[in-house]
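Hi,

Here is the structure I said I would pass on. Have a look at it first, and my notes follow underneath.

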Amino acid sequence: MRLVVVGCSGSYPGPDAAASAYLVQADDADGRTWTVLLDLGNGALGPLQRYGDPTRLDAIALSHLHADHVADLVVLNVLRRYQPGGALPSVDVHGPEGTAQRLAEIAGKDPATDVSGQFAVHTWDPATPVVVGPLTLRPVPVEHPVPAFGVHVTGPSDHDPARAVTLAYTGDTDECAGLDTLAADVDLLLAEAAFVEGRDDAVRGVHLTGRRAASAAARGRSRQLVLTHIPPWNDPQATLVEARAVYDGPVALARPGDVHVL
């Protein structure tokens, strides 16, 4: 299983990174590569074409419906709908309740950009994992001002296909029971860290800091931590320092084009 960072900027695209978008890929026993897209925020469709083929996605998984996580689905619809060879079959989109309505609102009323034909939308059910080829996705409710989910993914190891490995994507969240569930015993925790200790302490229920994300990784014994969703106005190195103060495992900042092989 592989995690490809497409976009990792927090809250809005930065000068060097699009907003949130990640590819999770795994090969099945026949050698076929399966691809799940986690979120597709503002500006992310451009680099997605560099790191993957938007016409060959097997599923799309949405953590929540803020624009920096879903906005570019509307233009992905255009790319898929107006192929020279004709519109592609619809792709499954899994997201919170209201996903179809939210995408329609962003698309507007022009029939030329109607998203209903390209996306088959399904509502997350925490009790029902989603199976995509060799990958199993489990949504975990987390704490954010809108309905939000982290996504726990299980798939075959690239190093030993007979062995299962796990990664967990927090989406946007503050500390909560769901975060601890995601961090527990995973091979890689992809955790947002949009807030800064000492500056944003009074705002709770929205985002993690580097320290809060790393504390969850330490409690859950996550084997690797990747920090993401850092806004351009933050110093990423300060976020990294916060994390390393409380977590002694491997920790890195997400960067566009990074490939983490599990």
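Let me start with the pockets. The largest pocket has 19 residues in its lining, and the ones nearest its centre are C8, A17, I230, P236 and A254. Keep in mind throughout that this is a predicted model. The volume of the largest pocket comes out at about 310 Å³. As for secondary structure, strand 12 (225–228) and helix 7 (236–244) each give at least two residues to that lining. Sorted by class, the lining of the largest pocket holds 11 nonpolar, 6 polar and 2 charged residues.

The second largest pocket has a volume of about 150 Å³. Its lining is made up of Q25, R32, T33, T35, G52, D53, R56, L57 and D58. By class, that comes to 1 nonpolar, 4 polar and 4 charged residues.

Since C8 turned up in the pocket lining, a word on cysteines. C8 counts as buried because its relative accessible area is 8%, under the 20% cut-off. C176 is buried as well, with a relative accessible area of 18%. The disulfide count for the model is 0.

Now the loop between strand 12 and helix 7, which is worth opening in your viewer. Two residues caught my eye there. P231 sits in this loop, and with a relative accessible area of 3% P231 is buried. What does P231 touch, leaving aside residues up to four places away in sequence? The contacts of P231 are G10, S11 and A194. P231 and P13 are 218 residues apart along the chain, yet their C-alpha atoms are separated by 8.2 Å.

The other residue is H229, which lies in that loop too, between strand 12 and helix 7. H229 has a positive phi of about 60° although it is not a glycine. At 1% relative accessibility, H229 is buried.

On the subject of backbone angles, D39 is another non-glycine with a positive phi, in this case about 65°. D39 belongs to strand 3 (residues 33–40). Is D39 buried or exposed? D39 has a relative accessibility of 0%, so it counts as buried.

Next up is helix 6 (residues 210–220). Why call helix 6 largely enclosed by the rest of the structure? Because 8 of its 11 residues are buried. The buried residues of helix 6 are G210, R212, A213, A214, S215, A216, A217 and G220. Those buried residues pack against helix 5 (177–183), strand 11 (188–192), strand 12 and helix 7. So strand 12 and helix 7 come up again: each also supplies at least two residues of the lining of the largest pocket. Just past the end of helix 6, R221 has a positive phi of about 60°.

Then there is a run of strands with two hairpins. Strand 7 (residues 130–132) pairs with strand 8 (residues 135–142) in the antiparallel sense, over 3 bridges. V132 stands opposite L135 of strand 8. The two strands form a hairpin with 2 residues between them, and G133 in the turn has a positive phi of about 55°.

Strand 8 is also joined to strand 9 (residues 148–156), running antiparallel with 7 bridges. Within that pairing, R138 has H152 in strand 9 as its bridge partner. Strands 8 and 9 form a hairpin too, with 5 residues between them.

H152 leads on to T166, which lies in strand 10 (residues 164–169). Which residues does T166 touch, not counting those up to four places away in sequence? The list is M1, H152, V153, T154, D185, V186, D187, L188, R223 and L262. T166 has a relative accessibility of 14%, so it counts as buried.

If you only open a few views, I would go for the largest pocket, with C8, A17, I230, P236 and A254 nearest its centre, then P231 with its contacts to G10, S11 and A194, and finally helix 6 with its buried residues packed against helix 5, strand 11, strand 12 and helix 7.

Cheers

How values were computed
Residues numbered from 1 in each chain as written. Predicted model: local features only at pLDDT ≥ 70, side-chain atom pairs only at ≥ 80, totals over all residues. Heavy atoms only, no water. 1 Å grid on protein atoms, 1.4 Å probe; cavity = no way out; pocket = protein on both sides within 12 Å on 5 of 7 lines; lining within 4 Å. Points joined across faces, edges and corners; volume = space filled by probe spheres on them. Helix = DSSP H or I, 4+ residues; strand = E, 2+ residues; numbered from the N terminus. Nonpolar A, V, L, I, M, F, W, Y, C, P; charged D, E, K, R; others polar. Disulfide = S-S within 2.5 Å. Buried < 20%, exposed > 50% of the residue type's maximum accessible area, 1.4 Å probe, protein only. Pairing = 2+ DSSP bridges. Contact = heavy atoms within 4.5 Å.
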